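Please work through the exercises below with the sequence and the three-dimensional structure at hand. Each task is followed by a solution in steps.

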Amino acid sequence: VNQLNLGGPPAVQDLSHYITAARLNLRAGKKAMEMSDYETAYSYFDSGISFLRKKRWQEHYALSLELYTLAAKCALTNGDHTSLKLLSVEVSTKAHFFDDKLDVLYFETCALAYSSRLTESIEKGLDILSKLGIEVQGTNVEAR
């Protein structure tokens, strides 16, 4: 996979091989996550995303969602809040169902909490719960 990634998408001759390269990167990224190497995993997921074509969300929805979601998880773990935000925006705008957005919304909520923005984190969490049809009583959130 590393050799393929060094050449990048321009090195691929056949259109069907773009998806194969994306899937190989997904598999390699998952293996890196199993070994708790989230920087390497992020690199694989990012490369996998780069092999997907412009109509990735229309033609390869499940693969796109998984690559973006796992890349967002790695970005959170690596403390890369800028990449997390970019990936989250992409998933939030392209995902077909609210349930498909839940993981990245959770990662965003965690990032807010980790950045000591607890009030925003709680408000975001309550908003997510509300969209899921769960109302929490006594939810007056005040900055302390």
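The exercises that follow concern a predicted model.

**Exercise 1. Aromatic rings**

Task: Determine how many aromatic pairs the structure holds, and classify the pair formed by W57 and Y61.

Solution.
Step 1. The structure holds 3 aromatic pairs.
Step 2. In one of them, the ring centres of W57 and Y61 lie 5.8 Å apart, with 65 degrees between the planes. Planes over 60 degrees apart count as edge-to-face, so W57 and Y61 form an edge-to-face pair.
Step 3. W57 is buried, with a relative accessible area of 5%. Y61 is buried too, at 15%.

**Exercise 2. A second partner for W57**

Task: Describe the geometry of the pair W57 and Y68, and state which helices the pair ties together.

Solution.
Step 1. The centres of the W57 and Y68 rings are 5.3 Å apart, and the planes make an angle of 40 degrees, a tilted arrangement.
Step 2. W57 belongs to helix 4 (residues 56-59) and Y68 to helix 5 (residues 61-78), so the pair ties together parts that are 11 residues apart in sequence.
Step 3. Both residues, W57 and Y68, are buried.
Step 4. Ring pairs join W57, Y61 and Y68 into a cluster.

**Exercise 3. A charge over a ring**

Task: Identify the ring over which the charged end of R53 sits.

Solution.
The ring is that of Y18, and the charged end of R53 is 4.1 Å from its centre.

**Exercise 4. Packing of helix 3 and helix 5**

Task: Decide whether helix 3 and helix 5 are roughly parallel or roughly antiparallel, and give the handedness of their crossing.

Solution.
Step 1. Helix 3 (residues 38-51) packs with helix 5 at an angle of about 150 degrees, and the axes are 9 Å apart.
Step 2. An angle over 145 degrees counts as roughly antiparallel. Helix 3 and helix 5 are therefore roughly antiparallel to each other.
Step 3. Their crossing is left-handed.
Step 4. Helix 3 contributes residues including Y42, F45 and I49, while helix 5 contributes residues including L67, Y68 and A71.

**Exercise 5. Packing of helix 5 and helix 6**

Task: Apply the reasoning to helix 5 and helix 6, and state which residues make the contact.

Solution.
Step 1. Helix 5 and helix 6 (residues 81-94) pack at an angle of about 150 degrees, with 9 Å between their axes.
Step 2. These two helices are therefore roughly antiparallel.
Step 3. Helix 5 passes helix 6 in a left-handed crossing.
Step 4. On the helix 5 side the contact is made by Y61, L65, Y68, A71, A72, A75 and L76; on the helix 6 side it is made by S83, L84, L87, E90, V91 and K94.
Step 5. Y61 and Y68 thus appear in this contact and also in the ring cluster with W57.

**Exercise 6. Serines with positive phi**

Task: Locate S36 and S116, and state whether each is buried or exposed.

Solution.
Step 1. Phi of S36 is near 60 degrees, a positive value in a residue other than glycine. S36 lies in the loop between helix 2 (15-34) and helix 3. With a relative accessible area of 54%, S36 is exposed.
Step 2. Phi of S116 is likewise near 60 degrees and positive. The loop between helix 7 (98-114) and helix 8 (118-131) holds S116. S116 is exposed, at 64%.

**Exercise 7. Sequence and space**

Task: State how far apart K131 and F98 are in sequence and in space.

Solution.
Step 1. K131 is found in helix 8 and is exposed, with a relative accessible area of 54%.
Step 2. K131 and F98 are 33 residues apart in sequence, and their C-alpha atoms are 8.5 Å apart in space.

Terms used
Residues numbered from 1 in each chain as written. Predicted model: local features only at pLDDT ≥ 70, side-chain atom pairs only at ≥ 80, totals over all residues. Heavy atoms only, no water. Phe/Tyr/Trp six-rings, centres within 6.5 Å; stacked < 30°, edge-to-face > 60°. Buried < 20%, exposed > 50% of the residue type's maximum accessible area, 1.4 Å probe, protein only. Helix = DSSP H or I, 4+ residues; strand = E, 2+ residues; numbered from the N terminus. Lys NZ or Arg CZ within 6 Å of the ring centre and 35° of its normal. Axes fitted to C-alpha atoms, helices over the stretch in contact; angles between N-to-C directions. Parallel < 35°, antiparallel > 145°, perpendicular 65-115°, else oblique. Left-handed = near helix turned anticlockwise from the far one by under 90°. Contact = heavy atoms within 4.5 Å.
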